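Please look at the sequence and the model shown here. A short report on selected helices and strands follows.

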Amino acid sequence: MSKSNKQDNEPKIEIIREPDEQDNASSKDGVVARRNVALPKTLPIHVLQNRPLFPRIMVPLTIHRQEAKEMVQEIAKNNRMIGLVLNRQADSQGAENQEDELHVIEDPNQSLYRIGVLAEIAHIAQQSPQAPAQVLVGVIERFEIERFVKTEPYLVAEVKYHPDPDIEVTEELKAYAVSVIHEIKELVQLNPVFKEELNMFLSRSSLNEPGRLADFAASMTTATATELQEVLEAFDIYTRIEKAVLLLKKEVSLSKVQAKINKQIEEKISSQQREFFLREQLKAIKKELGLSKEGKEAEIEKYTQRLANLTLTQEAQERIDEQIEKIKLIEPHSPEYIVSHNYLDWLTSLPWGFYTQDNFKLLQARRKLNADHYGLNDVKQRILEFLSVGILKGRISGSIICFVGPPGVGKTSLGQSIARCVGRKFYRFSLGGMQDEAEIKGHRRTYIGAMPGKFIQAIKHCQTANPLIMLDEVDKIGASFRGDPASALLEVLDPEQNRDFLDHYLDVRFDLSSVLFLCTANQLDTIPSPLLDRMEIIHLAGYIREEKVRIAQDHLIPKQLKEHGLNPSQVQIPAVALNDMIDGYAREPGVRSLENNIRKVMRKAAISIVRKPDTKLRLSKKDVGEYLGKRPYPDKDPFSRRMIGVITGLAWTSHGGEVLHVEATRVQGEKSGFKQTGQLGKVMVESSEIAYTFIRAFLNQDTKHRDFFAKSFIHLHVPAGATPKDGPSAGITMACALYSLATRKPLRIRCAMSGELSLTGLVMPVGGVKEKAIAAKRAHIATLILPAENREDFATLPAHIRKGLKPIFVNRFRDVVKACF
């Protein structure tokens, strides 16, 4: 509660004027006489719950309880004298209960203060018997309770009076009195609640009455009941006036803070009101001059201006006209007005009939692709073919390209390069984890917070009807109870249907046939077949070490030097260090890990240069481990040594080609058995069982080998055990591991193989030959065992990948045995 409000609720005080003559106090028959007033020795006691009262002040009291009203009525008929004493629990009671009231006091000696005041009932007003009684009392003198005479029906106590002593007013007392008057005047200026009472008091008192001045000063403050009681109990004039001065100074400080807060609030309100009036005046002036229009008129004019530059379809024009007529009839504060306003805003913000001019300069496109990406010649060639078709047709449309490859090979950046080559606006959004069909086709306008789908948002963002939109992570799209986004994409990515694409929010057909769609994926297995049929697949297999070195030198190192505020003369990473970095820290198909390691080197170099500005770093091969820490990939493959029952295979994963090893061992016993471990998928488990059955049949003619399988429990394992593995290309690898174990022959050459095995010994073709060839080169394996039907796939590999590789093509398993054992 603010101080001013609290003071408004204080009881109004009125100064009691005393007669000029001073009568000496006398005692006769149990009655004390002072200033022509008979002061009784025993008094009925009324308990105050709010704050104590002070002598020579007239105060109104409100009496609620019936017992208290009856007591006051009885006293008013007799001598009209009543004692007012403060309850010790006054400060702890809630504000709603702080009113003068008679309460049942169990132990008055413990519950009441001993010092109170004598008051005379001047007037009682009560509108009805049930209404509270308004009692006006004039406070006369302090007293001290000596003992309680009775407690029923109300408290009666024997009291001893403490009138102010007649003392000489010293210079110190005068100084205190002047200080009190000064503080009261300052308080009245800050909060003029007691201005009238102060003027009356100053006109009827002087500096020669310091005790009375102290009482009046204390009664003006909003101090706590305990602090005021301390002033009331101060019989010594010096102590009383000193306490009063402290309370006044505290009150003045509080009033200053309140005045400052009120001033700030008033200034803020005044500023806002002034701004409001000025805006209203400006609005009225503009309206008179015809410079502006009111809300709906201005909105309609804005929509009309937008439509002037657009080429609308007939359906869109009719819908916009309908909505404009609708908002003319709706009140701006209506919820339906807001829905129509947002709908019109979307309809008129789309680039109807606006297309950017395509760039058909093949030479320039080739230069941009070569500047942005090293290698990927087959991908670049396909993009140039795509542009050539656009040149002949006069426009680029009707094709959806999907880049498939492991992370970090440049799928997204390739899309940005194509957009720059063609001269189109680029917009990318990820489909990974998307489970709501409304993200594709928009929400119904009836929903709160409804919006169009991502494709319409992309069109609005690019402000052209033929942008290049990249759909990232199309293989990670989900489905839920909200719908199947992959099925919703069928309409978008079908050139025969997307010319009439219908977004649920717009509810107007928009032509997406001129949009160039590019998709990216790590694998094709999780893309629905109907969606996959609408795409043209371009594989990005990854990079070999030589390509990574060139990419680092031409792109990654200059980029990181710039991002870290360094120049080429300060940090140099030669090819020998890059080769060691790639072999030991970044063997993945892409270059993301390589870039992260280069970034780490740049950060450490930055620390050295900050400490010593003339430092120049040239990273050597032996420095790589110091800067990058422990090598994730060891220098020497533990499986590179030829061992019985251990064969190296090649696999393709969503992260590119990988080298995997197959181990086989036996436990001799009386019965045969076979188990496989290594988190193998269903396809690989079946491949292992086919390999086991085939090898037993293949070696069945030899009694020694037949007995080997009959009395051996065979265990086949594919490290690492924590990585799930599956696929149809490990058949001959597993069969070779079992053959090596049974015949006790290791491989005669270090090689890696890939191929599926049938029960009759045929070696079936596999996919991912390029990725597997790159993986073999990363592992420094030169000899590859591949199915004969993959001969053409290997022949179409780029020359720099085939260089150093020796392929051996096989038709049947006996060819594998001949080549390897």
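How many bridges join S11 to strand S17 (residues 536-539), and do they run parallel or antiparallel? Four bridges join the two, and the strands run parallel. Within this pair, isoleucine 401 stands opposite glutamate 536 in S17.

This is a predicted model, in which local features need pLDDT of at least 70, side-chain atom pairs count only at pLDDT 80 or more, and totals for chains, interfaces and linings use all residues. Residues are numbered from 1 along each chain as its sequence is written, and side-chain values use heavy atoms, with hydrogens and water left out.

Helices (H or I, at least four residues) and strands (E, at least two) are DSSP runs, numbered from the N terminus. Two strands pair if DSSP finds at least two bridges between them. The pairings are listed below.

| Strand pair | Bridges | Direction | Opposite residues |
|---|---|---|---|
| S11 and S16 (residues 516-521) | five bridges | parallel | valine 404 and alanine 521 |
| S20 (residues 646-653) and S21 (residues 656-668) | eight bridges | antiparallel | alanine 651 and glutamate 658 |
| S21 and S23 (residues 712-717) | six bridges | antiparallel | glutamate 663 and histidine 717 |

Burial is considered next; buried means under 20% relative accessible area, exposed over 50%, and partly exposed in between (1.4 Å probe, protein chains only). Strand S11 (residues 400-404) is largely enclosed by the rest of the structure, because five of its five residues are buried. Ile400, Cys402 and Val404 point one way from S11, while Ile401 and Phe403 point the other way.

Helix H6 (residues 210-220) is mostly covered, with eleven of its eleven residues buried. Among them are Arg212, Asp215 and Phe216.
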